[in-house]
Amino acid sequence: MTPAILLPFYEGLRIDSITATEDAIVLRIATVAPSAPCPKCSRAATRVHSHYQRTLNDMPWNKVQVRIQLTSRKFFCDYTDCKQAIFTEPIPQLAKRHACKTHRLDGALALIGYALGGEAGARLATGLGFSVSPDTLLNRVRQQGSPSLGKEPVRAVGVDDWAFCKGRAYGTILVDLDKHQLLDLLPDRLAQTLAQWLKSHPEVEFVSRDRASAYADGAKIGAPQARQVADRFHVLKNLVEALEHLVLRYQRPLQQACRLVSTPTVSTKATTTGVEGTVSPSQAESQARRQRRLARYEQVVQWYRQGVPIHQIARNLKMHRRIVRQFVRASEFPERATPRQRPRQEDSHSEYLQERWASGCHNAAQLFREIQERGYVGCQSALRRYLLSWRASLPEGLRDQRGRKVKAAVSVRFSPRTTAWLLLGYAKNKDTRRPSLNAAFLKVLIELCPAIGVAQALSLQFFLLFRQRRSTDLQPWIETVLASDLLELKSFARGLSEDFAAVSAGIDTCYSNGQAEGQVNRLKLIKRSMYGRAGFTLLQARVLPMRSMA
């Protein structure tokens, strides 16, 4: 049998025999080349000193392990001017010196390690017939190392941070925004590290980043010729946060507006005693939690007025600094928002039910049969709960006598965050099932607090400015905000002034950090698949080669 069929990577081999045991297939192979080059002088040696046997593992056949028993030779170097008297015959096409695996087996294990890491890769390798441990796969990745990134010019670079351990250690990811490719990973997010990388790429013309000052300083030092671009998403996110903080400061108008638009609701659960006014255990627990939160709010406000720093208050009360700041900025105790209800199937049949109810049909079973023919897929008990509030408005003799009682009114609460999104008009938290209630709430809120209406108008102007790419209107908008009495928006506008050139570039140019965010998401997937063994060197070796393998 010619060895080229089974071993196409080397022609100087002869297959002597192939035997099969219970757990492996054994190939006995011998070298037959007439000469071998000396590793010192590179001249051909023909005189054989001795033979020795070497065992190598190769790719499995049909999930059966393959072992190669290679009979190799040692040669004399007969040239007197060469210091190498005896040398082992090299076979670089088959395996490395002193290796126990062939090149193609090492390559297959490295690919599995790059794709899945240690634990998951070992499970896949076992299913394919490879006998390998998770540590072996990770060692193969380390041995392969990171590929050369090349010296291709980079015109636009996206910079973003990623977390080794959230809140403790962070790194930096660099992305080619034109080619949508990962460029490099940096072990930290310091300005000096980024500047050093940018100095090695003087051809960079654009640097897209978030609002972090470290990246701004690093880009300024390392690439003074480049134009910095503030990411549009982060700029608009900062505006939404400023609007939320502004609404949080006006707690009293917010709560008044919630009370004015509140609607009567029906309790779908009977109380434990059946007597009106009895508080259920869940309500008592909710009230107890509110009292504890109110006590903490009063303590925070008291200490803050006495001059205690926010970080000290957070440490003493074991609270997050963000919650302490919310309490300090609020004009009064911020109530928690009630959870929004999901859309109900009965809403799509509400017009028909109202017509039948007005015509005098108050039988839930009859209405259930009718709307079932119209495509209703819910159950009859759900329809009865839906009609409960309607039945409460009927005369005493027509009401359902099941112990369900109507509450006088329950306040519909809108949190500052939900209110901020509603003011912008396209929030993900916006309740699309009740547009009339949302509109009524906003109308009442703006009437009670005109400052919120002014903030809404300015925020919408800023969003429109970004959508229409009108960078020339940015400076007039900043001047208008700075002339107003809106403290939160003024703070936001001052931040824009300090980073005016980058924000203007974010409006004008097509670059953003979207590509960097996507690469960070992919990096986190790879890091988490490594079960905690994602040191920087190993993570860099796994992430960067995947760019060329994708």
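In the predicted model, strand S8 (residues 156-165) is mostly covered, with seven of its 10 residues buried. Strand S8 pairs with strand S9 (residues 169-176) in the antiparallel sense, and eight bridges link the two. Three residues separate S8 from S9 in a hairpin, and glycine 167 in the turn adopts a positive phi of about 85 degrees. S8 is also joined to strand S11 (residues 206-209), here in parallel and through three bridges. Glycine 158 takes part in both pairings: valine 175 stands opposite this glycine in S9, and serine 208 is its bridge partner in S11.

Across the protein, 23 helices and 12 strands are assigned. Of the 550 residues, 42% count as buried. Among contacts between residues at least 6 apart in sequence, 61% join residues that are at least 24 apart.

The largest nonpolar core comprises 43 residues. Within this core, the residues with the most contacts are Phe441, Phe462, Leu474, Trp477, Leu489, Phe492 and Leu496. Two or more core residues come from each of helix H7 (232-249), helix H8 (251-260), helix H16 (416-424), helix H17 (435-448), helix H18 (450-467), helix H19 (474-482), helix H20 (487-498) and helix H21 (500-508). For leucine 489, when neighbours within four places in sequence are set aside, the contacts are with Leu239, Ala242, Leu246, Ala455, Leu458, Ser459 and Val481. A second core, separate from the largest, has 19 residues, including Val141, Ile173, Leu538 and Ala541.

Helix packing was examined for two further regions. In helix H3 (residues 119-128), the buried residues are Ala120, Gly121, Ala122 and Ala125. These buried residues pack against helix H2 (103-116) and helix H4 (134-144). Glycine 129, just after H3, has a positive phi of about 100 degrees.

The second region concerns helix H5 (residues 191-199) and helix H6 (residues 213-222), whose axes come within 8 Å and cross at roughly 35 degrees. The crossing of H5 and H6 is right-handed. On the H5 side the contact is made by Ala191, Leu194, Ala195, Leu198 and Lys199, and on the H6 side by Ala214, Tyr215, Asp217, Gly218, Ala219, Ile221 and Gly222. By character, the residues of the contact of H5 with H6 divide into eight nonpolar, two polar and two charged.

Backbone geometry was also considered at two positions in loops. Most residues other than glycine have a negative phi. Lysine 63 has a positive phi, near 65 degrees, and is found in the loop between strand S5 (48-61) and strand S6 (64-76). Lysine 63 counts as exposed because its relative accessibility is 59%, and the cut-off for exposed is over 50%. Arginine 469, also a residue other than glycine, has a positive phi near 55 degrees. Arginine 469 lies in the loop between H18 and H19. With a relative accessible area of 38%, arginine 469 falls between the limits of under 20% for buried and over 50% for exposed, and therefore counts as partly exposed.

Note on methods:
Residues numbered from 1 in each chain as written. Predicted model: local features only at pLDDT ≥ 70, side-chain atom pairs only at ≥ 80, totals over all residues. Heavy atoms only, no water. Axes fitted to C-alpha atoms, helices over the stretch in contact; angles between N-to-C directions. Helix = DSSP H or I, 4+ residues; strand = E, 2+ residues; numbered from the N terminus. Left-handed = near helix turned anticlockwise from the far one by under 90°. Contact = heavy atoms within 4.5 Å. Nonpolar A, V, L, I, M, F, W, Y, C, P; charged D, E, K, R; others polar. Core = buried A, V, L, I, M, F, W, Y, C linked by side-chain atoms within 4.5 Å. Buried < 20%, exposed > 50% of the residue type's maximum accessible area, 1.4 Å probe, protein only. Pairing = 2+ DSSP bridges.
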